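Colleague: Got a minute? I'd like to go through this model with you.
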Amino acid sequence: MDAAMGLMRRIPPKHTETALSALLSLMPHHSSDLLSQVDQPLQVMCDVDCGKEFILCEYNRDADSYRSPWSNKYHPPLEDGSLPSLELRNLEIEANDIFAIYRDQYYEGGISSVYVWEDDNDGFVACFLIKKDGSKTGQGRRGYLEEGAWDAIHVIEVGPEDENTNYRLTSTVMLTLTTDNESSGTFSLSGSIRRQMNMRLSVADGHLSNMGRMIEEMESKLRNSLDQVYFGKTREMVCTLRPPSEVVQLRMPES
């Protein structure tokens, strides 16, 4: 299992589904562990009842159906699918409305979904999802990318409600970029990053306020890490191996 997880950490996100399918066939007795621990690129489905798209993941899945955060119904229909309590459902509705505003301000589009459910420790768990298609045929406004996707998964475990409550955030971001034009040529970059954060906060301002601040802080850290690790190191290696023409001319000795 350790070797399988090590392999999946090194697989580009766009090949995760193929690699996971191969591992499931090789290790059927570990299928539940693999499906729960391996993050896959997010998929989207349309809620036919309200005409809105929602994101599919393991957290809104029951059997082969997925629950929509908009109508609270399963697609395809499932009679005995698990549903959150009335209190958590109201929290889920409010979280989806607020997170949609956050998505528009930070991502300038995309699709977001929030799911909330009870846990076994008298608390609850919330999953915040964002998917942004940045390709020139999707939501990419500048048209630089042939393919481009940003998938963000934020899972927050909230302890039993008290004056101060424990929040444990686990965030995963999967990034895929592919260019194919005359100016930059063909270039592909993909990878994923996961981080955790634990905080004990007062519930005076409400759970949504606390969770929102944690997600905002974590996403800022993840963006900085991606910029320094993926883009910074790639730029450094490319410029070392293939320095710009003006730098080469400066280095050439005069005849």
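Colleague: Of the contacts with a separation of 6 or more, what percentage is between residues 24 or more positions apart?
Modeller: It comes to 51%. Bear in mind that this is a predicted model.

Colleague: Fine. How many helices and strands in the secondary structure?
Modeller: Six helices and 10 strands.

Colleague: Which residues touch the most other members of the largest nonpolar core?
Modeller: Phe124, Phe128, Ile156, Tyr167 and Met211. That core has 35 residues.

Colleague: Which elements each supply at least two residues of it?
Modeller: Two helices, H4 (86–107) and H5 (207–241), plus strands E6 (111–118), E7 (124–133), E8 (147–158), E9 (164–181) and E10 (185–202). H5 gives the largest share, eight residues.

Colleague: Back to Tyr167. What does it touch, leaving out residues up to four places away in sequence?
Modeller: Ile156, Glu157 and Val158, for a start. Then Met197, Asn198, Met199, Leu201 and Val203. Finally His207, Asn210, Met211 and Met214.

Colleague: And what lies apart from that large core?
Modeller: Another core, of 14 residues. Phe54, Ile55, Cys57 and Val155 are among them.

Colleague: Switching topic. What share of the residues is buried?
Modeller: 40% of the 255 residues. The protein exposes about 15200 Å², and carbon and sulfur atoms supply 50% of that.

Colleague: How many charges, positive and negative?
Modeller: 25 positive and 40 negative. Their mean positions are 7 Å apart.

Colleague: Last one. What does the C-alpha trace span along its principal axes?
Modeller: About 80 × 45 × 40 Å.

Technical notes. Residues numbered from 1 in each chain as written. Predicted model: local features only at pLDDT ≥ 70, side-chain atom pairs only at ≥ 80, totals over all residues. Heavy atoms only, no water. Helix = DSSP H or I, 4+ residues; strand = E, 2+ residues; numbered from the N terminus. Buried < 20%, exposed > 50% of the residue type's maximum accessible area, 1.4 Å probe, protein only. Contact = heavy atoms within 4.5 Å. Areas by Shrake-Rupley, 256 points an atom, 1.4 Å probe, with all protein chains shown as cover. Lys, Arg positive; Asp, Glu negative; His and termini not counted. Charge placed at Lys NZ, Arg CZ, Asp CG, Glu CD. Core = buried A, V, L, I, M, F, W, Y, C linked by side-chain atoms within 4.5 Å.
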